[in-house]
Amino acid sequence: MAKHTIIWTKIDEAPALATYALLPVVKAYAKACDIDVEIKDISLAGRIIANFPDNLTDEQKIEDALTQLGELAKTPEANIIKLPNISASIPQLQAAIRELQEKGYDIPDYPEEPKTEAEKELHARFAKVLGSAVNPVLREGNSDRRAAVSVKKFAKKHPHRMMKPWPESGSKARVAHMTEKDFYGSEQSVTMDKAATTRIEFVAADGSVTVLKDNLPLQAGEVADTAVMNVKALRAFYAEQIDATKKDDTLLSLHMKATMMKISDPIIFGHCVSVYYKDALEKHVDTLKEIGANVNNGLADVLEKLNKLDADKKAEIEADIAAVYNSRPALAMVDSRKGITNLHVPNNIIIDASMPNVVRDGGKMWNNDDQLQDTVALIPDRSYARMYQQIIADCQQHGQFDPATMGSVSNVGLMAQKAEEYGSHDKTFEAPADGTIRLVDSDGEVIMTQSVETGDIFRMCQVKDAPIRDWVKLAVTRAKATGAPAVFWLDKNRAHDAEIIKKVNAYLPEHNTTGLEIHIMAPTEAMQFSLDRIRKGEDTISVTGNVLRDYLTDLFPILELGTSARMLSIVPLMNGGGLFETGAGGSAPKHVQQFLKEGHLRWDSLGEYCALVPSFELIAEKTGNAKAAILAETLSEAITQYLENAKSPSRKVSEPDNRNSSFYLAMYWAQALAAQDKDAALKAAFANTAAAMAENEAAINEEMLDAQGSPVNIGGYFLPAPDKTETHMRPSQTYNQIIDTI
């Protein structure tokens, strides 16, 4: 790869559409500075096609870009702009497969319950596509995630208006969690004193042994955990909370991460569905089994499978399901207009996006009457549930946060080399019977053992030593750069965290921490410490593992900025390269729905704009390309103008959307390049571009607005047709001519 190359990832949904408007600008401006921009397809459809080339034509086959980028991320030359991709749940995977099949791609069906060896092999191949398949491959470094200075200043000057007051009369909102037999309570953790090749075994009551995972290497110094969720206790917890919620007349909501924790969380979700709809599902258990209804895919899967039945039987079961609502608490709604509840589809209730909205909306979620109502948030495992209860309790006492005055909580996240991808890997299993599941080394020595009952969820996790050492270094670096306290969110009473605390205490003395404020606190204490500072307008650095990194970098930005898509996410790769992530994609599906319906894309590409700045800075630093440094400086100035002039996309049709926003970013960027005096050639080249855009501003906006107001056909959801998508996302010929002739 050439030294001056940026990799731009092709992904899914709204950010993929926005790329059609933005990337021509990025390529044109970068080319003028001797920088190439290459596209690599890591979208869900692209991952499926790359992994199943067997029966495809040569024209249909594509390279395995994810594997390529995984190797690139381990090199000093890596410079990757990573947009948010779909972390596919099973329903999303199946929908993508259907679309590809309809387009003539001979892709096999996903075998939900593999029985034959061929089906088991297919199931294993699809595992490389499901869930958080992309992030563990690319994240060869730890995360530095924060609001850019210009973004935070703008947010305080022009606070978002989405915050709703917490009721002065009192709120019934609360987080409910298990008190025993969850992952937190059962967790065991060890730090390996030497390297070992291990395996995970299930030992049945009769002593027979089944190998669940073989040839699992562990490095010296690596932290390994095992934990079990007891499903009897889980179901009892659900039943108890359903009754309590009904008594309190509050909404019931479940908050999981079935995309990232792709093995464990769909099972946990499914148990909630089966307990809530118990009367109807148990009455028709044989019929539902015959038609292949799977509660782990939500109520929507059950309702869809009813189409296999004759009309009378279908109507009978639908009536019994509807009758459940008379005796159960009302469910929080994902879309009350369409009757889509919190238990319909597992990937509809992503915890890192849903819980911030509970806080933002005053402890409430939407009910079936399209009104906000106090909710009980079910988060079964205690590991992080209690920190969400802490922020709810704080708001109940002190009221809503004020985006105009509140401080920031940035994050340094431990995620390198697949650290703590709970439930999203091939080391999570559903116990086939009563017995034990144990981790054993090649000499037969048992490292950890967990007792299990039929259906219990076992998971094993790993965190390598080198990423932990790098994480501590990054935390100290950020504390020095900002002067803010750095807080390690680690609970000494949790087995995994206790091992990590030992390493933090060992590695902190390797750095000069004089004058720095560094703490180790359990998540509830760290949350309260951060909230106290937030309310005083003070900033704090959260230093966390991968799961909390994921949760907190949505929670605080949604409260501070209105969206986590506006965050700057820098991943200094451990071998010297850079990965620049562009914000969260949790709202991306809704944006696409609106675009297809009325031709308006409200996705804000500010995350992409901000990510480009450090990407150009990395090129300047590594190659001495002075033009790259100028691109970074002028883009930063353009972002400030973009924010100050309120050019973010509107939420409403027939008002400026993402395409108009990208035009203004391009114009402000060209103007900044024309105004700088460090490079005469760039100044002259972009003076003409800036002038042309300013002269044609009205015409360009009019051409873009004229493209709105009607349904849009882009030829697919997961694999849209490039020509159709480009036509709709680049509707201004006047603007296109200016960009294409730079």
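1. Is T198 buried or exposed? At 2% relative accessibility, T198 counts as buried, because the cut-off for that label is under 20%. Note that this is a predicted model. The residue belongs to strand β7, which covers residues 196–204. Leaving aside neighbours within four places in sequence, T198 is in contact with D214, N215, L216, L218, L439, V440, D441 and I447.

2. T375 also merits a look. It is found in strand β14, residues 372–378. Its relative accessibility is 2%, so T375 counts as buried. Its side chain makes a polar contact of 3.0 Å with the side chain of S253. S253 also appears in the contact list of T375, which leaves out neighbours within four places in sequence. The other entries there are K172, A173, R174, L251, L252, V358, G363, K364 and M365.

3. Now the internal voids. Rolling a probe the size of a water molecule over the atoms shows where empty space is left. A search of the whole structure gives 4 cavities of 30 Å³ or more. The largest has a volume of about 220 Å³. Its lining is made up of 21 residues. Nearest its centre lie M261, D265, D381, R459 and Y551.

4. What is the lining of the largest cavity made of, by residue class? It divides into 13 nonpolar, 3 polar and 5 charged residues. Three helices each supply at least two residues of this lining: α10 (264–276), α16 (382–398) and α20 (546–561).

5. Helix α18 runs over residues 495–507. Its 13 residues should span 18 Å at 1.5 Å a residue. The end C-alpha atoms are 19 Å apart, which agrees. Buried residues in α18 are H496, D497, E499, I500, I501, K503, V504 and Y507. An α-helix has 3.6 residues a turn, so residues three or four places apart point the same way.

6. What do the buried residues of α18 pack against? Their partners include strands β6 (188–191), β9 (223–229) and β19 (457–463). Helix α17 (465–482) is on the list too, as are β20 (486–489) and β21 (518–521).

7. Helix α24 takes in residues 658–675. For its 18 residues, 1.5 Å a residue predicts a span of 26 Å, and the end C-alpha atoms are 26 Å apart, so the two agree. Of the 18 residues, 16 are buried, so α24 is largely enclosed by the rest of the structure.

8. R566 sits in the loop between α20 and β23 (567–572). Its relative accessibility is 12%, so R566 counts as buried. Not counting residues up to four places away in sequence, R566 touches V151, F154, L561, D604, L606, L643 and S648. R566 and A498 are 68 residues apart in sequence, and their C-alpha atoms are 34 Å apart in space.

9. Two backbone angles deserve a check. Most residues other than glycine have a negative phi. K418, not a glycine, has a positive phi near 65°. It lies in the loop between β15 (409–413) and β16 (428–430). At 52% relative accessibility, K418 counts as exposed, because the cut-off is over 50%.

10. S654 is the other case. Its phi is positive, at about 70°, although S654 is not a glycine. S654 is placed in the loop between α23 (626–644) and α24.

Conventions:
Residues numbered from 1 in each chain as written. Predicted model: local features only at pLDDT ≥ 70, side-chain atom pairs only at ≥ 80, totals over all residues. Heavy atoms only, no water. 1 Å grid on protein atoms, 1.4 Å probe; cavity = no way out; pocket = protein on both sides within 12 Å on 5 of 7 lines; lining within 4 Å. Points joined across faces, edges and corners; volume = space filled by probe spheres on them. Helix = DSSP H or I, 4+ residues; strand = E, 2+ residues; numbered from the N terminus. Nonpolar A, V, L, I, M, F, W, Y, C, P; charged D, E, K, R; others polar. Expected span 1.5 Å × (residues − 1). Buried < 20%, exposed > 50% of the residue type's maximum accessible area, 1.4 Å probe, protein only. Contact = heavy atoms within 4.5 Å. Polar contact = N/O pair within 3.5 Å; in protein donor to acceptor, adjacent residues only side chain to side chain.
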